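Colleague: I should like to learn how such a model is read, feature by feature. Might we begin with the pocket and then turn to the chain as a whole?

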Amino acid sequence: MKVTHRITRLVLIGLAVLALAAPMASARPAPADTPTGPIPAEPPVVQSVNEGFDWASAAIGAGFAGGIILLIGWGGVTYRHHHEHIGVAH
């Protein structure tokens, strides 16, 4: 039963880390000069911009992946360490 508590604790820690890392939404009121009536539909202007590789996004993704790998590895070590002590006769 202790193993399930550890797994649950690891999952909760992982969810807490993800919740804290999520960007917070910011909202502000619309300016006073914003039209409130119907707005005529205009065809959208599509521009293709290629700024190359986004290193910031890659770093964020690598950080999350590394954190998950560390959590899984830590859980495996504690699980293995716990089972090694159970099998040894004192």
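Modeller: Let us start with the lining. This is a predicted model, and in it helix H1 (2–21) and helix H2 (55–87) each contribute at least two residues to the lining of the largest pocket.

Colleague: Which helix supplies the largest share of that lining?

Modeller: That share belongs to H2, with six residues. The lining as a whole is made up of Leu10, Gly14, Val17, Leu18, Gly63, Phe64, Gly67, Ile68, Leu71 and Ile72.

Colleague: How is the space itself found, and how much of it lies in the largest pocket?

Modeller: The general idea is that a probe the size of a water molecule, rolled over the atoms, shows where empty space is left. In this model, the largest pocket holds about 200 Å³ of space.

Colleague: How do the residues of the lining divide into nonpolar, polar and charged?

Modeller: Seven are nonpolar and three are polar, while no charged residue takes part. Glycine counts as polar in this scheme, so Gly14, Gly63 and Gly67 of the lining fall in the polar class.

Colleague: What does the protein chain have in the way of helices and strands?

Modeller: There are two helices and zero strands. Of the 90 residues in the chain, 4% are buried. The chain's accessible surface amounts to about 8,500 Å², and carbon and sulfur atoms account for 69% of that area.

Colleague: Let us turn to aromatic contacts. How many aromatic pairs does the structure hold?

Modeller: The structure holds one such pair. To classify a pair, one considers the angle between the ring planes, and over 60 degrees counts as edge-to-face. The ring centres of Phe53 and Trp55 lie 4.8 Å apart with the planes at 75 degrees, so this pair is edge-to-face.

Colleague: Are Phe53 and Trp55 buried or exposed?

Modeller: Both Phe53 and Trp55 are exposed.

Colleague: Why is Arg6 classed as partly exposed?

Modeller: The class runs between the limits of 20% and 50% relative accessible area. Arg6 has a value of 31%, and is therefore partly exposed. This residue is part of helix H1. Val11, also found in helix H1, is partly exposed because its relative accessible area is 46%.

Colleague: How far apart in space are residues such as these from partners distant along the chain?

Modeller: One compares separation along the sequence with the distance between C-alpha atoms. Arg6 and Thr78 are 72 residues apart along the chain, yet their C-alpha atoms are separated by 8.7 Å. For Val11 and Gly75, 64 residues apart in sequence, the C-alpha to C-alpha distance is 9.9 Å.

Notes:
Residues numbered from 1 in each chain as written. Predicted model: local features only at pLDDT ≥ 70, side-chain atom pairs only at ≥ 80, totals over all residues. Heavy atoms only, no water. 1 Å grid on protein atoms, 1.4 Å probe; cavity = no way out; pocket = protein on both sides within 12 Å on 5 of 7 lines; lining within 4 Å. Points joined across faces, edges and corners; volume = space filled by probe spheres on them. Helix = DSSP H or I, 4+ residues; strand = E, 2+ residues; numbered from the N terminus. Buried < 20%, exposed > 50% of the residue type's maximum accessible area, 1.4 Å probe, protein only. Areas by Shrake-Rupley, 256 points an atom, 1.4 Å probe, with all protein chains shown as cover. Phe/Tyr/Trp six-rings, centres within 6.5 Å; stacked < 30°, edge-to-face > 60°.
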